[in-house]
Amino acid sequence: MPQSLQLSVLDQSVACVGRPQDEAIRNTVALAEHCERLGYQRFWVSEHHGLPTIVGTAPEILMAAVAVRTSRIRIGSAGVMLPHYSPFKVAEQFRVLDALAPGRIDLGVGRAPGSDHRTAMLLNPDPRSSEMFPQQVRELHAWVTGEEMPEGHAGRGIQALPRAGTAPQLWMLGSSGYGAQLAGHFGMPYSFAHFITDGEGCAEALELYRHLFKPGLIEKPHANVCVWALAADTEEEAWRLFASRERTRVDRQTGRFGPLLPPQEAEREYSAAEDAYRQGLRRKAMVGTGAQVAAKLRALAEELQVPELVVITWTWDPAAQRRSYELLAREFALQPA
């Protein structure tokens with residue numbers, strides 16, 4: 001692992017009880033500005049549909065807002081759920097984004113629906129659309145970079161505009177071996193969603209990616225890991241804030257989805273099974289003071305041999321979220337913009 005571990009940010013525009021949903025979108029843009037000032041490497045936003053907890057439904061639009069409010073930080077999708085869309089249209093959208101922020105755009109793509117089955121069918125009624133994902137990735141790369149389509153392809157001779165001297169960087173996102181294999185096959189950068197699986201399968205996916213990697217979009221394998229973390233000025237305060245996230249994760253196990261509760265309202269009586277799950281969450285959680293969380297992040301990066309971690313933080317209070325990123329920036333001696 002390099003001596004200097006790079007830190008980036010993933011934000012999902014989380015809905016919060018007592019706060020209007022549109023405020024969550026504006027908070028994401030404000031957080032991007034804040035994290036750029038702190039010196040973070042990237043700022044990625046996710047795509048979810050029909051989920052009461054997460055209201056970030058259109059990363060390409062949110063990225064445009066972030067692009068015009070920042071000047072240095074890389075901006076990306078984590079990710080565009082490609083089976084819902086035409087690769088050509090996605091390429092056009094991201095070529096426009098690259099025109100707004102030349103050389104700063106990451107185009108992360110994934111195969112998962114980012115929604116329930118009914119909502120996914122509304123986005124694309126073809127139930128077999130995910131089977132076309134590898135072909136979609138090939139087409140998207142060609143249109144994003146300006147490569148010519150092969151003979152016989154319906155898109156041969158057609159370009160995704162506007163053209164420029166830079167192009168978005170394509171990333172493969174995943175939380176299983178499938179994305180790792182595809183990223184290795186195409187020679188793409190790869191990002192594992194550690195926060196979705198609580199780390200399960202992460203080391204295996206990274207090993208698979210590195211083993212299968214063939215030079216393609218990039219010459220050498222490059223991977224990062226998206227991990228959930230929360231820092232506060234005291235360990236006690238960090239665990240108090242964690243109650244909001246903890247409640248959401250426990251409720252999700254039984255199909256209950258909703259906006260994030262404030263910490264003081266998040267506590268409830270847990271069944272024996274729920275409490276066992278809750279204790280498992282706490283054992284793995286990257287929660288504590290800035291120094292404590294930084295030590296856990298460094299240990300994880302060393303274990304997985306990755307040069308970059310992408311940190312995602314949920315708090316009911318946006319000020320607590322901003323403070324968490326401030327504390328980590330201080331611990332990692334990030335260079336302010």
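The salt bridges, pockets and backbone irregularities of a predicted model are described below.

The structure contains 21 salt bridges. In one of them, Arg42 and Glu308 are joined through their side chains, with an N to O distance of 2.7 Å. This contact connects distant parts of the chain, since Arg42 belongs to strand E2 (residues 42–45) and Glu308 to strand E9 (residues 308–312), 266 residues apart. Arg42 and Glu308 are both buried. A further salt bridge pairs Asp106 with Arg74, and here the closest N and O atoms are 2.8 Å apart. Again distant parts of the chain are linked: Asp106 lies in strand E4 (residues 105–110) and Arg74 in strand E3 (residues 74–81), with the two positions 32 residues apart in numbering. Asp106 has a relative accessible area of 1% and therefore counts as buried, the cut-off being under 20%.

Arg95 and Asp98 form a salt bridge within a single helix. Their closest N and O atoms are 3.6 Å apart. Both residues are in helix H3 (residues 87–100), where a spacing of three residues corresponds to about one turn. Arg95 is buried, at 1% relative accessibility, and Asp98 is likewise buried, at 1%. Elsewhere, salt bridges connect Arg247, Asp251, Arg256, Arg268 and Glu274 into a network.

The largest pocket encloses about 930 Å³ of space. Its lining comprises 40 residues, and those closest to the pocket centre are His48, Ala112, Gly114, Ser175 and Ile196. Two or more lining residues come from each of E3, strand E5 (169–174), helix H6 (177–186), strand E6 (190–193), helix H7 (194–197) and helix H9 (235–252). The largest share, four residues, is provided by H9. By class, the lining of this pocket consists of 18 nonpolar, 16 polar and six charged residues.

The second largest pocket holds about 360 Å³ of space. It is lined by 20 residues, with His194, Asp198, Lys284, Ala285 and Met286 nearest its centre. The elements giving two or more residues to this lining are H7, helix H8 (202–212), strand E7 (223–232), H9, helix H11 (272–284) and helix H12 (290–304). H12 gives the most, with four residues. The lining of the second largest pocket divides into eleven nonpolar, two polar and seven charged residues. H7 and H9 are thus among the elements that give two or more residues to the lining of the largest pocket and also to that of the second largest pocket.

Most peptide bonds are trans, and most residues other than glycine have a negative phi. Against this background, the peptide bond between Ala78 and Gly79 is cis, with omega about -5°. Gly79 is located in strand E3, the strand that also holds Arg74. The bond from Leu161 to Pro162 is cis as well, with omega near 5°. Pro162 is placed in the loop between helix H5 (133–145) and E5.

Positive phi values occur at Asp198, where phi is near 55°, and at Gln305, where phi is also near 55°. Neither residue is glycine. Asp198 is in the loop between H7 and H8 and is one of the residues nearest the centre of the second largest pocket. With a relative accessibility of 25%, Asp198 is partly exposed. Gln305 occupies the loop between H12 and E9. Its relative accessible area is 39%, so Gln305 is partly exposed.

Key: Residues are numbered from 1 along each chain as its sequence is written. This is a predicted model: local features need pLDDT of at least 70, side-chain atom pairs count only at pLDDT 80 or more; totals for chains, interfaces and linings use all residues. Side-chain values use heavy atoms; hydrogens and water are left out. A salt bridge is a side-chain nitrogen of Lys or Arg within 4 Å of a carboxyl oxygen of Asp or Glu. Buried means under 20% relative accessible area, exposed over 50%, partly exposed in between (1.4 Å probe, protein chains only). On a 1 Å grid over the protein atoms alone, a cavity is a set of points where a 1.4 Å probe fits but cannot get out, and a pocket is an open set with protein on both sides within 12 Å along at least five of seven lines; lining residues have an atom within 4 Å of a point. Grid points are joined across faces, edges and corners, and a volume is the space filled by probe spheres set on the points. Ala, Val, Leu, Ile, Met, Phe, Trp, Tyr, Cys and Pro count as nonpolar, Asp, Glu, Lys and Arg as charged, and the others, Gly among them, as polar.
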